[in-house]
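Student: I would like to work through the contacts in this model, starting with single residues and then moving to the interface. Please keep the answers plain.

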Amino acid sequence: MSGSYFQRDRDWHPPALTPGYKTSILRSPRNAPLSLPTTLSEETGPVFGHDLIGALDNDLIRNFSRDGGEAIGQRIVVYGRVLDENARPVPGALVEFWQANAGGRYRHKKESYLAAIDPNFGGCGRAVTDAEGRYSFRTVKPGAYPWPNGVNDWRPAHIHFSVFGHAFAQRLITQMYFEGDPMIWQCPIVKTIPDRAAIEQLVAALDRNATIPMDSLAYKFDIVLRGRRSTMFENRMEGN
Amino acid sequence: MAQRLDYLKESPSQTAGPYVHIGTNPNWVEITGVWKDDLGLVIVGPDTKGERVILEGQVTDGAGSPVRDALVEIWQADAQGFHNSPAETRGQADPAFAGWARQPLSETDGTFRFETIRPGRVPYPDGRLQAPHVTVWIVARGINLGLHTRLYFGDEVEANAADPLLNRIPEPARRATLIAPRTERDGLPVFRFDIRLQGENETVFLDM
């Protein structure tokens with residue numbers, strides 16, 4: 001199957017310059033991006049096999065265990081599907097995720113927030129989607145986190161996601177938020193996204209049906225990557 | 001109202017933030033023992049076919065300051081112009097060449113350095129051959145949607161002059177921002193590709 005990828009809807013994504021998020025001011029291009037159909041260089045991309053993934057790669061409660069212990073915090077399962085804009089599953093997609101611990105502290109040398117490090121929590125994980133595009137991982141719910149933007153800005157609880165689809169054109173990094181968190185609507189980074197419906201696409205729903213009783217709550221987070229044009233008429237090289 | 005088109009919307013992007021390396025290069029930020037090696041640090045092995053080249057450069061912001069917390073990824077064809085991807089339908093890529101790499105920038109001066117090979121030529125959708133190029137993707141704190149650009153090789157003068165993408169850049173003077181000049185070091189060609197996010201000599205970024 002051939003064909004270029006759907007053009008990104010740049011009114012749905014955050015624009016580059018969003019002054020409420022101060023760092024974007026000096027890190028946003030001033031010129032318009034050059035718009036072109038994708039070529040083979042963007043319609044191909046690296047694929048990582050399931051053999052990359054170790055047994056604990058998707059278990060953030062135990063994959064950094066230093067003394068046999070488990071991470072402290074509210075135990076949750078995060079699961080979902082990676083789909084494309086044609087609603088087709090994207091199997092074999094590498095999904096990487098990272099987050100702060102239950103107190104909002106990242107394990108990173110440049111981070112100095114006074115909330116304590118959890119000795120048994122690293123904060124990174126990864127998974128490769130199955131034939132139906134499904135992934136899942138177990139972790140603790142991250143805490144909110146203050147950051148030097150405005151004088152009293154806090155990030156809502158969030159998990160970062162990096163996704164490789166089948167094409168470099170689909171490469172995406174985003175963040176997942178949690179249903180019902182009032183800080184979502186106050187966050188300058190969330191508010192870089194102009195459309196409320198687009199923001200809601202990043203809010204994972206609490207799923208009591210997937211909750212493990214007496215063990216972990218569950219949140220469902222589906223990720224949509226760019227869709228590909230189909231070729232309806234063989235004599236049209238560019239597709240429909 | 002017309003009928004609904006049943007497309008989903010792409011998940012909106014968010015910044016990778018200052019701690020992107022926890023997820024992409026945990027060993028580099030001293031989160032060890034989760035997985036053995038960070039992905040994408042090595043792109044060329046002893047069996048890889050093709051001419052060895054070094055790609056290096058610095059990422060700077062609109063004030064000219066180095067961007068030290070970015071992550072840069074590259075994606076390119078092998079020496080014959082084939083991609084190591086299931087979506088490659090024209091031929092079999094060199095199995096000893098992954099074609100993809102990524103690395104954090106230097107914390108001191110915001111530079112990157114990839115040891116790779118010179119890619120072969122890849123056709124444009126209309127069949128014309130593109131000049132050899134490497135796809136470059138940059139994410140960082142302050143960048144809301146990953147930035148795509150391309151590195152072209154400064155010594156491919158003839159191919160660059162006829163490249164379909166370079167010729168679509170409306171301001172000819174800006175084409176030079178995608179062409180990395182060649183120098184040599186220790187007998188290896190070095191292509192210098194500085195990425196200026198904003199301002200004077202701003203790099204051309206691609207919406208594709």
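**Side chains and the interface**

Student: What does A:Ser216 touch, not counting residues up to four places away in sequence?

Tutor: With such residues left out, A:Ser216 touches A:Arg75, A:Ile76, A:Val77 and A:Thr211 (contact means heavy atoms within 4.5 Å). The model is predicted, so local features need pLDDT of at least 70 and side-chain atom pairs pLDDT 80 or more, while totals for chains, interfaces and linings use all residues. Residues are numbered from 1 along each chain as written, chains are lettered from A in the order written, and side-chain values use heavy atoms, without hydrogens or water.

Student: Where does A:Ser216 lie?

Tutor: A:Ser216 is in the loop between β10 (203-206) and β11 (217-220) of chain A (helices, H or I with at least four residues, and strands, E with at least two, are DSSP runs numbered from the N terminus).

Student: Buried or exposed, then, for A:Ser216?

Tutor: A:Ser216 is buried because its relative accessible area is 3% (buried is under 20%, exposed over 50%, partly exposed in between, with a 1.4 Å probe and protein chains only). Its side chain also makes a polar contact of 2.6 Å with the side chain of A:Asp215 (N or O atoms within 3.5 Å, within protein one a possible donor and the other an acceptor, with sequence neighbours counted only if both atoms are side-chain atoms).

Student: Next, A:Ser28. Where is A:Ser28 found?

Tutor: A:Ser28 belongs to the segment before β1 of chain A. A:Ser28 counts as buried because its relative accessible area is 0%.

Student: Which residues does A:Ser28 touch, not counting those up to four places away in sequence?

Tutor: On that count, the residues touched by A:Ser28 are A:Ala16, A:Leu17, B:Leu197 and B:Gln198. The side chain of A:Ser28 also reaches the backbone oxygen of A:Ser24 at 2.7 Å. In addition, a polar atom of that side chain lies 3.3 Å from the backbone oxygen of A:Ile25. From C-alpha to C-alpha, A:Ser28 is 8.8 Å from A:Pro15, at 13 residues' separation in sequence.

Student: On to the interface. How many residues does each chain give to the contact?

Tutor: Chain A contributes 85 residues and chain B contributes 75 residues. Together the two chains bury about 7,300 Å², 58% of it on carbon and sulfur atoms (the accessible area that both parts lose on being put together, summed over both, with a 1.4 Å probe). On the chain A side, A:Arg27, A:Leu34 and A:Phe168 lose the most area to chain B, together 12% of what that side buries.

Student: How many salt bridges are counted between chain A and chain B?

Tutor: There are nine salt bridges between chain A and chain B (a side-chain nitrogen of Lys or Arg within 4 Å of a carboxyl oxygen of Asp or Glu). B:Asp207 forms a salt bridge with A:Arg10, with the closest N and O atoms 3.0 Å apart. Across the interface, 43 residue pairs are in polar contact, both residues being at pLDDT 80 or more. The elements giving two or more residues to the chain A side include β2 (75-84), β3 (94-98) and β9 of chain A. The largest share of that side, five residues, comes from β9(A).

Student: How many aromatic pairs are there over all chains?

Tutor: The whole structure has 20 aromatic pairs (Phe, Tyr or six-membered Trp ring centres within 6.5 Å; planes under 30 degrees apart are stacked, over 60 edge-to-face, the rest tilted). A:Phe168 and B:Trp75 form a stacked pair, at 6.4 Å centre to centre with 25 degrees between the planes. This pair crosses between chains, from the loop between β8 (158-164) and β9 (172-178) of chain A to strand β2 (residues 71-75) of chain B. A:Phe168 is buried at 1% relative accessibility, and B:Trp75 is buried with a relative accessible area of 1%.

Student: And within one chain, what angle do the planes of B:Phe153 and B:Phe191 make?

Tutor: Their planes are at 80 degrees and their centres 4.9 Å apart, so the pair is edge-to-face. B:Phe153 in strand β6 (residues 147-153) and B:Phe191 in strand β9 (residues 188-192) of chain B are 38 residues apart. Both B:Phe153 and B:Phe191 are buried.

Student: Last topic: which salt bridge does A:Asp57 form?

Tutor: A:Asp57 meets A:Arg126 in a salt bridge of 3.0 Å, N to O. The pair links distant parts of the chain, 69 residues apart: A:Asp57 is in the loop between α1 and β2, and A:Arg126 in strand β4 of chain A. A:Asp57 and A:Arg126 are both buried.
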